[in-house]
Amino acid sequence: MSYTALVKNELVSVPENQTECELAQLSALIRVSGTLSMHGPGKFAVRIVTETGTVARTVISSSRRLFDLGTSVEYRRSIMHKKRNYLLEISDQDSLADALSALGIYIPGEGLVSGIPKSVVRTKQAQRAFLRGAFMAGGFLADPLKDFHLEIAVSGERFATELVKLMGSVGVKARLNHRNRHTNALMRTREIYAVYLKSSDDIIKFLREIGAPTMARAIAFTRVQKHYRNNVNRVVNAEMANQTRSSNAAADQLVLIEKAEKLIGLRSLPPAVRDFCVARKDNPELSLSALGESFVPPVSKSAMYHRLLRLEKIVQDLEKDA
């Protein structure tokens with residue numbers, strides 16, 4: 001199961017003890033994933049599409065409990081995309097117009113509400129419930145082992161902008177990205193925006209605020225895993241780089257020793273330099289420091305480096321004379 005599905009399954013189990021919170025959540029669910037159509041004065045229909053069965057059941061139960069609305073459900077499966085979704089339709093009925101007004105979606109005499117209705121997010125609890133509904137309707141959470149990324153896809157620039165502000169009111173800094181234009185089955189074009197979080201701290205805080213503490217802890221645990229894994233990778237990479245540098249340095253030293261042998265012979269070198277050459281030829285895999293430790297008594301790395309410099313100077317002088 002994806003991380004998105006795990007979060008949504010946790011969110012639908014959050015008890016809505018207050019009517020204002022259930023109202024705010026349903027308002028966001030319909031606003032983000034629903035389409036409103038009008039069939040004449042005061043005649044409406046709402047279609048809601050979701051890929052999550054538990055979210056579909058939440059919409060049905062909340063709309064029935066709050067407004068006694070009847071909802072039809074159609075289960076659909078796309079053969080091409082191998083995805084399933086649920087099409088919920090709230091057809092025109094006596095209480096639908098009043099429900100849309102109470103939800104802050106359509107105001108008689110004014111039309112559709114383009115932003116977040118202030119009447120349904122008056123309290124902190126209602127704000128959290130609205131954000132919870134928004135994520136349930138259009139949220140996505142990436143696998144934190146790969147990337148820290150949470151987003152909510154919504155339509156309408158004003159709604160997206162106000163959603164960013166609403167997330168800021170609960171201490172989460174969200175960003176906004178214009179995605180594309182989408183034309184639905186009713187041939188209505190929508191501007192799609194992504195309200196997203198990239199900070200693991202913000203993602204964890206947001207999940208806690210909207211009622212998914214279990215998944216918040218899972219993200220926090222994964223963050224610790226990634227931290228230690230990255231540290232191990234850095235150490236391994238650094239060690240491999242050091243080994244590569246040591247191997248390249250040893251190869252250069254062997255070339256230098258070979259030149260000395262041809263030009264003057266190792267027996268003609270100063271004793272300390274000669275010992276360095278013999279030890280290097282016998283231990284081409286050792287670093288300069290480890291090579292010095294193989295001597296009896298051990299020779300410091302600086303002393304070994306000094307012997308190497310003397311060898312380089314001898315070879316350079318011999319090459320000039322030649």
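The following exchange concerns the helices, domains and backbone of this predicted model.

Residues are numbered from 1 along each chain as its sequence is written. In this predicted model, local features need pLDDT of at least 70 and side-chain atom pairs pLDDT 80 or more, while totals for chains, interfaces and linings use all residues, and side-chain values use heavy atoms, without hydrogens and water.

Me: Why are α9 and α11 called roughly perpendicular?
Reply: The axes of α9 (residues 271–282) and α11 (residues 301–321) cross at roughly 100 degrees and come within 9 Å. Angles of 65 to 115 degrees count as roughly perpendicular, so the term applies.

Me: What makes the contact of these two helices?
Reply: With contact meaning heavy atoms within 4.5 Å, A272, V273, D275, F276 and C277 of α9 meet M304, R307, L308, R310 and L311 of α11. Seven of the contact residues are nonpolar, none polar and three charged; Ala, Val, Leu, Ile, Met, Phe, Trp, Tyr, Cys and Pro count as nonpolar, Asp, Glu, Lys and Arg as charged, and the others, Gly among them, as polar.

Me: Why is D68 called exposed?
Reply: D68 has a relative accessible area of 60%. Exposed means over 50% (buried is under 20%, partly exposed in between; 1.4 Å probe, protein chains only), so the term applies.

Me: Where does D68 lie, and what is its phi?
Reply: D68 lies in the loop between α3 and β3 (72–78). Its phi is positive, about 55 degrees, although D68 is not a glycine. Most residues other than glycine have a negative phi.

Note on methods:
Axes fitted to C-alpha atoms, helices over the stretch in contact; angles between N-to-C directions. Helix = DSSP H or I, 4+ residues; strand = E, 2+ residues; numbered from the N terminus.
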